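Biologist: Please take a close look at one buried-or-exposed question in this model, setting out the reasoning step by step. Then place that part beside the other features that can be described with care.

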Amino acid sequence: MKPYNKGPLRHVAQRLLVGLLLAWPTATWAQAIVATLPVGGQTEPSVAVNSATNSIYVTSCASPHNTTNGSVVVIDGATDSTSEITAGICPKAVAVNPATNKIYVANLGSTVGFGVFTGGSITVIDGVTNSTMAIDDQHAPCAIAVNPTTNKIYVANRHSNDVSVIDGVTNSVTIVADPKAISPIGVAVNPVTNKIYVVNGGNGSSNLGNVTVINGADNSMITITDPNAVGPNAVAVNSVTNKIYVTNGGAYPAANHGNITVIDGVANSTTTLSDPNALAPQAVAVNQTTDKIYVANANNAATTFVGVVTVIDGSTNSVTTVTDPNAQFPDAVGINETTNRIYVTNGGCAPGPANGCGPGSNPGSVTLIDGSSNSVTTIIDPKANTPEGVAVDPVTNHIYAANVGTVTVIDGAGSATTHTIGVLLAGTGSGSVISVPRLGIGCPPTCEESLPAVAMTGLSAAASAGSAFAGWAGPCGGTGSCNVAFDRDQFVTATFNLTAPMQVAVPNVVGQTQTAAMTAIMDTGLIVGKVTQQSSSTVVSGDVISESPAAGTNVASGSAVDVVVSTGSSSGGGGSGGGYGGSGGIDLFALGALLGSLLLTLRKRRK
């Protein structure tokens with residue numbers, strides 16, 4: 001999934017990015033890409049491992065708009081050979097029961113309107129024969145978790161605001177509904193306590209999200225609400241300490257930039273943790289051996305799009321920020337507790353196939369974190385694009401990163417014989433970069449090169465007409481030539497700026513929803529300024545009443561556009577704000593649209 005524009009927004013972001021790139025220490029360990037396997041599919045792949053059989057399962061959804069069945073690709077971990085199993089429409093999530101060797105796939109179905117789906121189902125795969133059976137679920141099943149102790153499977157249904165509980169023996173289904181839940185989107189199980197934790201994203205206004213706790217013994221439930229949380233989106237459990245960790249996406253650009261809720265599994269009390277360096281947490285994983293928790297954040301607090309990972313010490317709740325200067329849009333976390341290595345996929349420039357990655361955009365990467373020191377290594381697969389899921393087999397020490405259309409197989413004990421250098425193009429202008437004397441890089445269109453670990457290459461930048469080369473960032477600085485050693489995977493950024501400010505017309509957003517208006521403003525190369533809320537008897541609540549400057553006015557790219565948003569006729573007086581709607585919250589669709597628009601803005605001038 002992921003991600004922004006022309007003009008000063010990118011220019012300022014790039015200058016902030018330079019400091020981070022030059023200041024952050026990195027390290028290297030034995031890690032080698034051993035295969036890049038084609039798996040098909042185009043949107044939000046997910047992956048799960050059965051360590052008992054050394055089999056890996058990857059969902060493959062062409063598009064949520066399709067009405068035809070998708071598939072699950074099965075990788076034989078011993079040979080890296082693949083086979084394909086037909087699943088339902090748009091396979092979205094996958095989970096394994098290693099005790100029964102059954103695999104469960106949540107098929108989202110086909111969208112027939114905003115947030116409305118049809119044709120959903122659960123595919124049950126027999127891990128021995130690869131035969132399947134289907135369980136009907138028409139309510140947009142989007143997340144799934146297994147309790148191997150009780151052989152129960154829990155499916156979050158986003159459309160119907162409930163959870164399907166599947167008996168693994170009979171495949172019978174029981175529906176559990178929390179009346180306080182809206183948009184269940186994540187689920188995790190504590191097999192020790194037989195408690196199930198479902199995160200509900202809410203609707204961004206009257207309901208900002210909460211967590212449903214299901215007692216697996218009798219399906220009774222309670223609802224836990226963190227008053228500091230907006231938009232819960234992911235959950236992980238430490239069954240050793242009986243602590244539960246929930247990431248909350250927040251309501252950027254409002255004051256709430258996201259945080260983490262810690263639930264005490266005994267008392268069901270909550271503690272809210274915040275990383276001041278992070279923005280929009282969206283994935284979480286637990287190392288039960290070290291009692292460390294790792295949170296992937298979509299952005300950093302400076303909104304420079306350098307990926308950050310929040311590390312929580314479970315014993316003290318203290319927070320540390322880990323930064324990979326090559327990472328953009330971290331989106332999934334996997335942990336090898338045996339080696340104490342953490343793997344974070346970074347989606348790069350695009351939230352999905354509709355946007356794609358233009359030449360010179362960040363194609364994505366994997367960040368390897370040493371759990372003992374928090375030092376990082378970047379892994380770049382030159383054959384991959386937009387990593388969005390990761391799973392680890394601790395038995396073989398192989399790591400599987402699910403990209404759009406491929407899976408990268410990493411040997412955690414292997415030694416890389418080559419490294420990849422990628423060129424990123426930034427700034428308000430345009431230009432090209434070539435490698436000399438080798439001609440492996442001519443960017444655009446060829447922006448990556450892999451060479452033996454002892455090699456060196458030189459990079460030379462040339463600005464297009466009307467632009468000027470502003471300098472390098474990453475392993476090089478200044479405006480001269482850039483000599484790079486292939487001693488690690490890394491990106492080099494070349495910034496080109498226009499020699500004169502670019503003028504753009506303010507779009508007409510009056511009458512649009514606030515989210516749609518913000519997207520339109522940023523897609524034009526402008527930024528959202530002051531958001532004021534005002535009552536209106538003629539404009540629907542949440543729609544834009546007026547904008548300033550007026551639509552059609554020519555302004556410099558990167559200028560701010562102020563908007564006035566209706567609170568409806570019954571809300572009383574208006575007031576200043578900077579958030580989404582009267583509550584300052586935003587639902588996950590809106591957050592995704594906002595982050596997607598921002599990243600799209602950053603990459604448009606790279607093409």
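Modeller: A residue counts as buried when its relative accessible area is under 20%, and as exposed when that area is over 50%, with partly exposed in between. The model is a predicted one, and the part I would look at closely is Asn194, which lies in the loop between β16 (184–190) and β17 (195–200). Asn194 has a relative accessibility of 15%, and because this is under the 20% cut-off, the residue counts as buried. Leaving aside residues up to four places away in sequence, Asn194 touches Asn147, Thr150 and Tyr154, and also Ile214, Asn215, Gly216 and Ala217. With one of these residues, Asn147, the contact is also polar, running from side chain to side chain at 3.2 Å.

The same cut-off can be applied to the cysteines. Cys142, at a relative accessible area of 12%, is buried. The search of the whole structure finds two disulfides. One joins Cys443 to Cys447, with an S to S distance of 2.0 Å, and because the torsion about its S-S bond is about 80°, this disulfide is right-handed. Both of its ends are buried, Cys443 at 0% relative accessibility and Cys447 at 9%. The other disulfide is formed by Cys476 and Cys482, whose sulfur atoms are 1.9 Å apart; it too is right-handed, with 75° about the S-S bond. Here Cys476 is buried at 8% relative accessibility, as is Cys482 at 0%.

Elsewhere in the chain, an open sheet of four strands follows the order β28-β29-β30-β31 with antiparallel pairing. Its edge strands, each paired on one side only, are β28 (330–336) and β31 (376–379), and neighbouring strands are turned by 20° against each other on average, direction ignored. Within this sheet, six bridges join β29 (residues 341–346) to the antiparallel β30 (residues 365–370), and Val344 stands opposite Thr367 in β30.

As for confidence, the chain averages a pLDDT of 85, and 86% of the residues score at least 70. Over residues 1–28, however, the pLDDT is below 50, although this stretch has 112 contacts in the model beyond near neighbours in sequence. Residues 571–607 also stay under 50, with 131 contacts beyond four places in sequence.

Notes. Residues numbered from 1 in each chain as written. Heavy atoms only, no water. pLDDT = per-residue confidence, 0-100. Contact = heavy atoms within 4.5 Å. Pairing = 2+ DSSP bridges. Helix = DSSP H or I, 4+ residues; strand = E, 2+ residues; numbered from the N terminus. Axes fitted to C-alpha atoms, helices over the stretch in contact; angles between N-to-C directions. Buried < 20%, exposed > 50% of the residue type's maximum accessible area, 1.4 Å probe, protein only. Polar contact = N/O pair within 3.5 Å; in protein donor to acceptor, adjacent residues only side chain to side chain. Disulfide = S-S within 2.5 Å.
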